[in-house]
Amino acid sequence: MTLDRRHFLAGAAGASATLLTGCATPGAADKPMPFFIGTAGQSLMPRGKAPRVVVAGGGWGGLTAARHLRKLAPQAEVVLLEKNPVFFSCPLSNKWLVDVVDDSFLTHDYLRVADRIGYRYVQCEVTQVDRAARRLHTTAGWLDYDYLVLGPGIRYAYEAWFGDDAEGRAAADATRRRFPAAYIPNAEHFTLKRALRSFKGGDWVMNLPPPPQRCPPSPYERAYMVAWYFKTNGIKGKVTILDHKPRIAPIGPGFKAAFEELYKDYITYVPNAHVQQVDPFNQRIRTSAGDMHFDHAVLMAPHQAGDLAWKADAIGRRPDGQATGWTDVHPQKLHLQGDDRVYVIGDAVGQVSPTFRFYPKAGHVANQHGQIVAGYIAERLAGREPAVRLPDNLCYMMVNASPREAISVQFDYQVGAEGHIEQKQIDDNDRRAGLVVENFRWAGLKFEDMFG
Ligand SMILES: Cc1cc2nc3c(=O)[nH]c(=O)nc-3n(C[C@H](O)[C@H](O)[C@H](O)COP(=O)(O)OP(=O)(O)OC[C@H]3O[C@@H](n4cnc5c(N)ncnc54)[C@H](O)[C@@H]3O)c2cc1C
């Protein structure tokens, strides 16, 4: 049976998932209208007396921040800028790939959510951030901010594979179109699902990029769901996991047991497979662990903070001047180093600790960052110094779709004696149905927190 959102949310976030193609108007806070035609050179909306908080990027982090700002800082004008008309959730998308949940479980239209919660939503792309002037330029016009929350998610650094000349860009484009990673919502996910449905057999290859990456355990979950699909539908296919790491992590023993007991005939796991060359035209991949042809592949170039973070000049630098690829934030306050009017949330957040380095790039963490930063801004608007809050993380990974079974991992954080954030990791490797139930309960609560 395919589950839809109603089974879990009991109507709480029961907005229909109508796929809108229009834009929201910035002009009507109480009643957004479906279409707004703006141009880049005009002012997007006039300044009122209220302080303005702009949230750029309406993913797991941005949606949470916008909703909590509305609640915690009712005196502020809250504006959400998002390039897509419809939200598509990456969490649970591996289950959607094999029809454990349907489209309506993963999608929400932004306009309805903004309308219900009472912030302004503008469908547009942020093209430039002028931090000195506290002004954003977008495809629909420019607007000024008092506080800015950046939640841009990630980008794929295809140039690490192909270089940045015309030929390289063509290879990157072909890779993204034909063999997408499907780690950025949402068109890529549909390409991936179509590829799985039309796969007639042969070699299905997935590579894992070097850390840090978005949701480290989810590529294994995806490989297992694809293997389950082959096994269930009698498809003579083999999934090869080319892992940059020396072993499966996190929840390695749980994934390994599922591999041994359920998918030995369907999965080949290759550790230490560092990608050296990718040829999307001849369907070949070369790694330090070997060279292979593929019939279909999920090709994952290294991850970095989304383009918007680069446009905001928010990327950190190493001592040699090289970009770190991730934003340079105050580890506990989450604003940019040197600019306390600009906060970063979610996957784009850079190193926060010298020991574990990065928070897991997970929707759970992005959601918590959204809450935390909304609280920080509300406190500052009220003239108070915010107390530091740290996130936690909880991730469920389905390893079998019949019967439905999952494993999970939890992370807790605290500030240690040295003043650094410390991480505690608890793996639950015991594959069982109860964790699937918990996973859907978790999703229901998160969606309620983001969509009201
Ligand atoms: C297959 C898969 C499974 C996963 N499973 C889990 C899981 O089980 N649990 C979990 O916690 N996490 C999971 N994750 C990770 C989770 O999806 C991410 O960590 C989370 O989405 C990060 O939130 P974010 O707000 O930082 O980025 P996103 O959710 O990606 O949001 C970024 C938003 O910014 C918008 N944007 C970017 N640039 C611009 C611009 N210039 N102008 C306007 N808008 C812009 C984008 O359109 C997007 O909507 C999974 C990810 C994948 C791919």
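1. Pro-212 is found in the loop between strand 11 (202–208) and helix 9; helices (H or I, at least four residues) and strands (E, at least two) are DSSP runs, numbered from the N terminus. The peptide bond that joins Pro-211 and Pro-212 is cis, with omega about 0°. A second cis bond joins Pro-185 and Asn-186, with omega about 5°. Asn-186 has its place in the loop between helix 7 (166–178) and helix 8 (187–198). Most peptide bonds are trans.

2. This is a predicted model, in which local features need pLDDT of at least 70 and side-chain atom pairs count only at pLDDT 80 or more, while totals for chains, interfaces and linings use all residues. Residues are numbered from 1 along each chain as its sequence is written, and side-chain values use heavy atoms, with hydrogens and water left out.

3. Confidence: the mean pLDDT of the protein (the predictor's confidence in each residue, from 0 to 100) is 92, and 92% of the residues reach 70 or more. Among the elements, helix 1 (residues 6–9) has the lowest mean, 43, and strand 9 (residues 147–150) the highest, 99. Over residues 5–35 the pLDDT is below 50, and this stretch has 69 contacts in the model beyond near neighbours in sequence; contact means heavy atoms within 4.5 Å.

4. Two residues deserve a look for their backbone angles. Arg-134 is not a glycine, yet has a positive phi of about 50°. Arg-134 is found in the loop between strand 6 and strand 7 and, at 31% relative accessibility, counts as partly exposed (buried is under 20% relative accessible area, exposed over 50%, partly exposed in between, with a 1.4 Å probe and protein chains only). Arg-357 likewise has a positive phi, about 70°. Its loop runs between strand 22 and helix 12 (363–381), and Arg-357 counts as partly exposed at 40% relative accessibility. Most residues other than glycine have a negative phi.

5. The hairpin that holds Arg-134 has 4 residues between strand 6 and strand 7. Strand 6 (residues 126–130) and strand 7 (residues 135–138) run antiparallel and are joined by 4 bridges; two strands pair if DSSP finds at least two bridges between them. Asp-130 stands opposite Arg-135 in strand 7.

6. One open sheet has 6 strands in the order 5-2-1-9-22-21, with mixed pairing. Strand 5 (120–123) and strand 21 (335–336) each have a single partner strand, so one side of each is left without a neighbour in the sheet. Strand 9 pairs with strand 22 (residues 339–344) in the parallel sense over 3 bridges, and Leu-148 stands opposite Val-342 in strand 22.

7. Val-149 belongs to strand 9 and counts as buried, at 0% relative accessibility. Leaving aside neighbours within four places in sequence, Val-149 is in contact with residues including Val-53, Val-55, Ala-65, Tyr-343, Ile-345 and Ile-377. Val-149 and Leu-334 are 185 residues apart in sequence, with 9.9 Å between their C-alpha atoms.

8. A second open sheet has 3 strands in the order 23-24-25, paired antiparallel. Strand 23 and strand 25 are the edge strands, each pairing on one side only. The twist averages 15° from one strand to the next; axes are lines fitted to C-alpha atoms, for helices over the stretch in contact, and angles run from 0 to 180 degrees between N-to-C directions. Strand 23 and strand 24 pair over 8 bridges, and Cys-395 stands opposite Val-409 in strand 24. Helix 10 packs on this sheet, touching strand 23, strand 24 and strand 25, and its direction makes about 20° with that of strand 25.

9. In helix 10 (residues 252–262), the buried residues are Gly-252, Gly-254, Phe-255, Ala-258, Phe-259 and Leu-262. Their cover includes helix 9 (218–233) and strand 13 (267–270), besides strand 23, strand 24 and strand 25.

10. Aromatic pairs: rings of Phe, Tyr and Trp (its six-membered ring) pair if their centres lie within 6.5 Å, with planes under 30 degrees apart counted as stacked, over 60 as edge-to-face and the rest as tilted. The count comes to 27 aromatic pairs. Trp-60 and Phe-447 form a tilted one, 5.9 Å centre to centre with 55° between the planes. Trp-60 lies in helix 2 (residues 60–72) and Phe-447 in helix 13 (residues 434–451), so the pair ties together parts that are 387 residues apart in sequence. Both residues, Trp-60 and Phe-447, are buried. Trp-161 and Phe-162 make an edge-to-face pair, 5.9 Å centre to centre and 90° between the planes.

11. Two arginines face rings. The charged end of Arg-155 sits over the ring of Trp-310, 5.9 Å from its centre; the criterion is NZ of Lys or CZ of Arg within 6 Å of the ring centre and within 35 degrees of the ring normal. The charged end of Arg-341 sits over the ring of Tyr-147, at 4.8 Å from its centre.
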